[in-house]
Amino acid sequence: MYCRTKGSAWRTRAMYSILLTNPVALLAVILGSSIIFILFLQPRHLSSSPKSDSMAARSFVLWLHGLGDSGPANEPIKTLFRSSEFRNTKWSFPSAPENPVTCNYGMRMPSWFDIQEIPVTADSPKAESDVLKAVQNVHAMIDKEVAAGTDPNNVFVCGFSQGGALTLASVLLYPKKLGGGAVFSGWVPFNSSMIEKFPEDAKKTPILWSHGMADRTVLFEAGQAGPPFLQQAGVTCEFKAYPGLGHSISNEELQFLESWIKTRLQSSS
């Protein structure tokens, strides 16, 4: 299937000049997240003290990248979460395995699961079996952290694009309530028939869904289909639309994510 993108995603001049000669790499960049520019956020004053640090609960943030991207490329995100509440936060940025991707002529690239077509629409085909295999791997990461002593209520799964779709699937199928799931420019990766398989505790996990209205890779309509799906499942979702934002992550989205997580962190006793 011919894989076609209609908008422009993030780019840096040096990287983009190289990628223009490599269609496979270009697709990976278009579906990956924009991380470099977020480092230019203006510094914020920190209010930390030994007392506030000791009161900060142990927490875990798992970040799932987009198609063709990597975990290490997304690690600068954690430097933006400077509040004292995140002093005891463990961050994890895993990389997807190399897999053939249908929309890219079956060529192999870092991918959590198969994607049939680009742009992704509300009606795009679902690779449910692939998604469920990826979910098992995410659950194993969460289980390991919970076994190490982190309260599930302080576990947050976040993801961009393909990683956002996997985030949604992972939290909705996890057997316990988690602190939250944050979906950036993602989509619902399975059909409504999957709702009956959602554990009751999983339905209590709040979802934050952020999507750019100018997204031409994962269309805004794909994001808009999320809240009705979640409402049908009985899941709470806060949907935020960003006018003019394409297939990328903005500073504003990440700043809101920080405050959203802070309000849901459970204090240590």
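## Close-up views of a predicted model

Gly181 stands opposite Ile207 in β7. That pairing is a handy place to start a tour of this structure, which is a predicted model.

**View 1. β6 and β7 side by side.** Here β6 (180–184) and β7 (207–212) run parallel, joined by four bridges. Look for Gly181, which sits across from Ile207 of β7. The next neighbour of β7 is strand β8 (residues 237–242), and this pair is also parallel, with six bridges. To find your place along β7 and β8, use Trp209, which stands opposite Phe239 in β8.

**View 2. The two faces of β7.** Which residues of β7 point the same way as Trp209? Ile207 and His211 do, while Leu208, Ser210 and Gly212 point the other way. In general, side chains in a regular strand alternate between the two faces of the sheet. Every one of these β7 residues is buried, whichever way it points. With six of its six residues buried, β7 is largely enclosed by the rest of the structure, so don't expect to see much of it from outside.

**View 3. β5 and its two partners.** Now move to β5 (155–160). It pairs with β1 (59–64) in the parallel sense through five bridges, and Val61 faces Phe156 of β5 there. β5 also runs parallel to β6, again with five bridges. In that pairing, Val157 stands opposite Gly181 in β6. You've met Gly181 before: it is the residue opposite Ile207 in β7.

**View 4. The two faces of β5.** Buried or exposed: what are the residues of β5? Six of the six are buried, and the strand is mostly covered. Val155, Val157 and Gly159 point one way, with Phe156, Cys158 and Phe160 pointing the other. Cys158 has a relative accessibility of just 1%, so it counts as buried. Another buried cysteine is Cys103, at 0% relative accessible area. As for disulfides, a search of the whole structure turns up zero.

**View 5. Helix α5, tucked inside.** The helix α5 (162–173) has 12 residues, and 12 of the 12 are buried, so the rest of the structure largely encloses it. Among them are Gln162, Thr167 and Ser170, along with Leu166, Leu168 and Leu172. What covers the buried residues of α5? The cover includes β1, α4, β5, β6, β7 and α7. The helix's length checks out too: at 1.5 Å a residue it should span 16 Å, and its end C-alpha atoms are 17 Å apart, which agrees.

**View 6. The largest nonpolar core.** In soluble globular proteins, nonpolar side chains tend to be buried together. The largest such core here has 45 residues, and Ile115, Ile142, Leu172, Phe190 and Phe198 have the most contacts inside it. Elements that each supply at least two residues of this core are β1, α4, β5, α5, β7 and α7 (226–233). Which helix gives the most? That's α5, with seven residues. For a closer look, find Ile142: leaving out residues up to four places away in sequence, it touches Leu62, Val155, Val157, Tyr174 and Leu178. Apart from this core lies another, of 20 residues, including Trp91, Phe156, Leu208 and Leu257.

**View 7. A salt bridge between distant stretches of sequence.** Side chains of opposite charge can pair when their charged atoms come close. The count of salt bridges comes to four. One of them links Lys90 with Glu145, whose closest N and O atoms are 3.2 Å apart. Lys90 lies in strand β2 (residues 89–92) and Glu145 in helix α4 (residues 128–147), so this pair ties together parts that are 55 residues apart in sequence. How open are the two partners? Lys90 is partly exposed, at 43% relative accessibility, whereas Glu145 is buried, at 2%.

**View 8. Salt bridges of Lys203 and Lys204.** Lys203 forms a salt bridge with Glu200, with 3.2 Å between the closest N and O atoms. Glu200 is exposed, at 55% relative accessibility. Lys204 does likewise with Asp201, where the closest N and O atoms are 3.4 Å apart. Of this second pair, Lys204 is exposed, at 51% relative accessible area, and Asp201 is partly exposed, at 34%. Elsewhere, salt bridges that share partners join Arg58, Lys90 and Glu145 into one network.

Note on methods. Residues are numbered from 1 along each chain as its sequence is written. This is a predicted model: local features need pLDDT of at least 70, side-chain atom pairs count only at pLDDT 80 or more; totals for chains, interfaces and linings use all residues. Side-chain values use heavy atoms; hydrogens and water are left out. A salt bridge is a side-chain nitrogen of Lys or Arg within 4 Å of a carboxyl oxygen of Asp or Glu. Buried means under 20% relative accessible area, exposed over 50%, partly exposed in between (1.4 Å probe, protein chains only). A disulfide is a pair of cysteine sulfur atoms within 2.5 Å. A nonpolar core is a set of buried Ala, Val, Leu, Ile, Met, Phe, Trp, Tyr and Cys residues joined through side-chain atoms within 4.5 Å. Contact means heavy atoms within 4.5 Å. The expected span of a helix is 1.5 Å times one less than its number of residues. Two strands pair if DSSP finds at least two bridges between them.
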